[in-house]
Structures are given as structure tokens and as C-alpha cells.
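Me: I would like a close look at one part of this structure, namely its charged side chains. Please describe in one connected account how they pair and where they lie.

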Amino acid sequence: MKGFTKKIASVVLALTLVIGLATSASAATWDSYFGVNAGWYEGAEGTLTGVSAKGFTARMTSVGWGGVWGGQAKQAIKLTKGTAYNISFNVKSTKVNKYIYVKMATNENLAKGFWVKIGKGQTVKVNETFKAANNANQITFGVGGEAGDREGVDTDATARYSIFDKQFGAGAHKKLAQQDCNGDFSSVTDIVVSNYSLAPAAKKVSFKAKAKGKKKVKVTMKKAVGIYTYEVKVGKVKKKTTGTSITVKAKKKGKQKVQVRGISKNKEYTTGWATKKVKVK
């Protein structure tokens, strides 16, 4: 009976490991769509390789002229309206200048969308902190050739051309057909995405504070998701730093309120104040 019990336990453990591995793998899955492969001759032609939790390579033998959605890499996500998130990744186009569009949405209910301009052979570092405008269940990287196929159709404020003009200037999207892929939609290129992360932004900054020398307080912050600048107050003295440690000179001795909050790189998001009290010498 003991041997039978051990056997059952081993089976349960094995199943647990398999389920755990399957869950982990599904969290890292990127699906793809390349229009030519699906019979859409204006779309991109290629394959998705090097897929991992950190990114992928969209290896295109032709970017196509059907628009960014002619080639896609997509993944299931879960964003909640009104919650702040940080998305970061590195992206490279190996052989041509390229614009890609990143969309987080449920169908057409947009949580966040933005464009990335990539020079030939360059690696661009993206770091965006934002509040989700809607719930979202999918992130899509549109990597197809952008020839302006949706001109006059995508016209509302959340459409991709409106977002393009907001980023690059009024009417800028009208030049896309000449700029993207150097205007050659038969171009061959790899779009390589690495160091991808999408996570809730910090609600508050964790920190330590201690007296150091005459009227001085050393404040050390724990690195916070989505935060680029730390604003520190000791009593009424306010300082800012992009580092994780700063020494602030207080105006007086005795107990002082020390407060810290974080600000995103694009300055669109600020955490709440975290507070401690320190006895200043």
C-alpha cells in the first residue's frame, strides 16, 4: 500500500510539473500573422522566430504594402482601465528604416497605442508608463509595411494615424508611404524585439531614510517599475534625482517628515507619496 501511495504521489508531482510548465509557456506565447501566408497579397510575408517571454524576431521576406497589420506579433494580456502600467523593450530593424505600431486593446477599445521609429540597423529602447484608457486583452506589434492604406478610414482620436500625428507632427502620417521601408515594400528585414516587459507601475516608492551628519538625511529608494525620477522631501526641502540615493540637508534639527514619490519618464504618471519620520541630528 505504501508503494502504491508513493506511486500516486509521483504521478501527481509529475502532472503538477507538466501543468506548471504549460502555464509558464503559455504566458510567453507570441502568435503571428503574415498576410501573404494567409492569402492577402498586399500583406507582409515571413515567419516569427526566436520566440520567448522577452521577445521575438519577425523575419520578413517582404514587408508588404497593406499597412502595419499586414505583419503582426501578438500576445494575450490583461490590462484594467485606469490602472498604470509600464511597457519596455528594445527593438531593431536590420535592413531598412521602419515604423512599427504597438497597440494594447480589446478589439477596437484602445487601452494604449504608440508608434516607434527605427533607423536601419539601430536599436531603439522603449520605456512607456501609461494609464490604461480601457481594459485590454491583447498586445499587437504591427510590423507590416505602412503605405497609408487606411487613409480616410482611421479618423478618430484613438486611430493609429491620429496617434502618429500626435507623436511626429500634424499631417506627418501622409509621408509614411515614402518614409517607411524607404518606400520599398518588397524590402527584406528582421524586426527584433528583446527585453520585453509589461507590468503594473509602482503605486508607491519603497525607501529608507536615516540621519547622516549635521542636519542631513540620506534617502535610498528601491527601484520602482515605471519610475524614472524620484522626488524627495525632507520637511519643506524638496529635491529630485534620477538615481536611487540622495542626501538632503534639512532646515532644522529634530523629527522631520521624509516623503518620496516617483515620476515616469514621460511625466504622465506620478505615484502617491510614501512617508517616514526621521530624527535629524
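Reply: The model is predicted, and one place to begin is lysine 216, which is partly exposed with a relative accessible area of 38%. Lysine 216 belongs to strand β12, which covers residues 216–221. Lysine 216 is also one of the residues that form a positive surface patch, whose other members are Lys208, Lys210, Lys212, Lys214, Lys249, Lys253 and Lys276. A residue can join such a patch only with over 30% relative accessible area and no salt bridge; the 38% of lysine 216 is therefore compatible with the area cut-off.

Other charged residues are paired. Side chains of opposite charge can pair when their charged atoms come close. Across the whole structure, a search finds six salt bridges.

In one of them, arginine 59 pairs with aspartate 190, with 3.0 Å between the closest N and O atoms. Because arginine 59 lies in strand β3 (residues 55–62) and aspartate 190 in strand β10, this pair ties together parts that are 131 residues apart in sequence. The two partners fall into separate accessibility classes: arginine 59 is partly exposed at 43% relative accessible area, whereas aspartate 190 is buried at 14%.

A salt bridge also joins the side chains of glutamate 146 and arginine 160, at 3.2 Å from N to O. Glutamate 146 sits in the loop between β9 (136–142) and α2 (160–168), and arginine 160 in helix α2, so the pair connects parts 14 residues apart in sequence. Both glutamate 146 and arginine 160 are buried.

Glutamate 108 and lysine 103 meet through their side chains in a further salt bridge, at 3.3 Å from N to O. Here glutamate 108 is exposed, with a relative accessible area of 64%, while lysine 103 is buried, with 14%. In addition, a network of salt bridges links Glu231, Lys238 and Arg261.

One more lysine deserves mention for its backbone. Lysine 267 is in the loop between β16 (254–263) and β17 (274–280), and its relative accessible area of 68% makes it exposed. The phi of lysine 267 is near 60 degrees, a positive value in a residue other than glycine. Most residues other than glycine have a negative phi. Asparagine 182, an uncharged counterpart, likewise has a positive phi near 60 degrees. Asparagine 182 is located in the loop between α3 (176–179) and β10 (189–200) and is partly exposed, at 47% relative accessible area.

Methods. Residues numbered from 1 in each chain as written. Predicted model: local features only at pLDDT ≥ 70, side-chain atom pairs only at ≥ 80, totals over all residues. Heavy atoms only, no water. Patch = residues over 30% accessible without salt bridge, like charges linked within 9 Å, V, L, I, M, F, W, Y side chains within 5 Å. Areas by Shrake-Rupley, 256 points an atom, 1.4 Å probe, with all protein chains shown as cover. Salt bridge = Lys/Arg side-chain N within 4 Å of Asp/Glu carboxyl O. Lys, Arg positive; Asp, Glu negative; His and termini not counted. Charge placed at Lys NZ, Arg CZ, Asp CG, Glu CD. Helix = DSSP H or I, 4+ residues; strand = E, 2+ residues; numbered from the N terminus. Buried < 20%, exposed > 50% of the residue type's maximum accessible area, 1.4 Å probe, protein only.
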